[in-house]
Amino acid sequence: MIVVDRPEMLVVGHAVRTSNADEMEQGRGRLAALWARAGSPGAFAHVPGRVDENLYAVLTDYESDHHGSYTQIVGVAVRSAAALPEGMVAVRVSGVPSMKLEARGQMPDALLDAWQRVWKHTESGGTPPRAFTTDVEIHHREGVDLYVAVFPSMG
C-alpha cells in the first residue's frame with residue numbers, strides 16, 4: 001500500500017448511517033439499498049456542476065474504528081453545492097495523507113478484498129495507522145481507487 005496526498009473534493013449524494021457488523025447481519029444492512037439507489041439510471045443527472053462521471057463513496061463520521069458506526073455518502077464530485085437536490089447531502093472531503101489501494105477485477109469482490117487488506121493492516125497495527133476521519137472510494141470504468149486516511153508520518 002502506498003501513501004499519497006488525497007486531493008480535496010466536494011461530493012453530493014445520498015447518505016446512510018451503518019456499521020460493518022450491521023452490514024454482515026441479514027436484514028440490517030443499509031448499503032445495498034444505498035448503492036441500488038445510486039446505481040439507478042439517471043440517479044445523479046439532476047446534480048449540477050459534476051466534475052466527472054465517476055461514483056464516489058465517502059465513509060466519514062466514524063464512531064471509533066472499523067468496529068463502530070460510520071456514515072457513507074454515495075454520490076458524485078461537484079464544483080460547488082450551492083443548490084442541493086432534495087434528499088441529498090454535501091460533504092467536503094479534506095485533502096489528507098491516505099493509503100491508496102486499487103481494486104480491479106470482478107466487483108464487488110475486488111473491492112471487498114481491498115477493504116479486507118485495510119482491515120488486516122489495521123488489526124495488525126500496521127504503519128501508517130488509520131486516522132478514521134474520512135475515507136473515499138472512487139468508482140470508475142477500470143475499477144475502484146480506495147483512499148484510506150492515515151496519520152501523517154513524523155519523519
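Helices and strands are taken here as DSSP runs, with at least four residues for a helix and at least two for a strand, numbered from the N terminus. On this basis, the elements of the chain follow the order β-β-α-α-β-β-β-β-α-β-β from the N terminus on. The total is three helices and eight strands. The model is a predicted one.

The overall dimensions were examined next. The chain has a radius of gyration of 15 Å. This agrees with the value near 15 Å for a compact globule of 155 residues. Along the principal axes, the C-alpha atoms fill a box of roughly 45 × 40 × 30 Å. Of the 155 residues, 46% count as buried. Among contacts between residues at least 6 apart in sequence, 69% join residues at least 24 apart.

The strands form an open sheet. Eight strands take part, in the order 1-6-8-7-3-4-2-5, and their pairing is antiparallel. Strand 1 (2-5) and strand 5 (89-93) are the edge strands, each pairing on one side only. From one strand to the next, the twist averages 35°. In general, the strands of a sheet pair through backbone hydrogen bonds, either parallel or antiparallel. At one edge, strand 1 runs antiparallel to strand 6 (residues 97-103), and four bridges join the two. V3 has M99 of strand 6 as its bridge partner.

Two helices pack on this sheet. Helix 2 touches strand 2, strand 3, strand 4 and strand 7 (134-140). The direction of helix 2 makes about 10° with that of strand 4. Helix 3 (residues 109-123) also packs on the sheet, where it touches strand 3, strand 6, strand 7 and strand 8 (143-149). The direction of helix 3 makes about 140° with that of strand 6.

Helix 2 (residues 31-39) has two sides. Its buried residues are L31, L34 and A38. These cover an arc of only 60° around the axis, so they lie on the same side of helix 2. A32, A33, A36 and G39 are exposed on the other side. The buried residues pack against strand 2 (9-19), helix 1 (20-24), strand 3 (55-60) and strand 4 (69-77).

V144 gives a view of the surroundings of strand 8, in which it is found. V144 counts as buried because its relative accessibility is 2%, where the cut-off is under 20%. Beyond its neighbours within four places in sequence, V144 is in contact with L101, E102, A103, R104, M107, L111, E137, I138 and H139. One of these contacts, R104, is 40 residues from V144 along the chain, yet the C-alpha atoms of the two are separated by 6.6 Å.

Aromatic pairing was searched for across the whole structure. Three aromatic pairs were found. In one pair, the ring centres of Y62 and Y70 are 5.8 Å apart and the ring planes lie at 35°. The pair is therefore tilted, since stacked pairs have planes under 30 degrees apart and edge-to-face pairs over 60. Both Y62 and Y70 are buried. Ring pairs link these two tyrosines and F132 into a cluster.

F132 also stands out in its backbone. Most residues other than glycine have a negative phi, and most peptide bonds are trans. F132 is not a glycine, yet has a positive phi of about 50°. The residue lies in the loop between helix 3 and strand 7. With 16% relative accessibility, F132 counts as buried. D61 likewise has a positive phi, of about 55°, without being a glycine. The location of D61 is the loop between strand 3 and strand 4. D61 is partly exposed, at a relative accessible area of 48%.

Cis peptide bonds occur at two prolines. One joins M107 and P108, with omega about 5°. P108 lies in the loop between strand 6 and helix 3. Another joins T127 and P128, with omega about 0°. P128 has its place in the loop between helix 3 and strand 7, where F132 also lies.

Key:
Residues are numbered from 1 along each chain as its sequence is written. This is a predicted model: local features need pLDDT of at least 70, side-chain atom pairs count only at pLDDT 80 or more; totals for chains, interfaces and linings use all residues. Side-chain values use heavy atoms; hydrogens and water are left out. Rings of Phe, Tyr and Trp (its six-membered ring) pair if their centres lie within 6.5 Å; planes under 30 degrees apart count as stacked, over 60 as edge-to-face and the rest as tilted. Buried means under 20% relative accessible area, exposed over 50%, partly exposed in between (1.4 Å probe, protein chains only). The arc is that of the directions from the helix axis to the C-beta atoms. Contact means heavy atoms within 4.5 Å. Two strands pair if DSSP finds at least two bridges between them. Axes are lines fitted to C-alpha atoms, for helices over the stretch in contact, and angles run from 0 to 180 degrees between N-to-C directions. The radius of gyration is taken over C-alpha atoms; the globule rule is 2.2 Å times the number of residues to the power 0.38.
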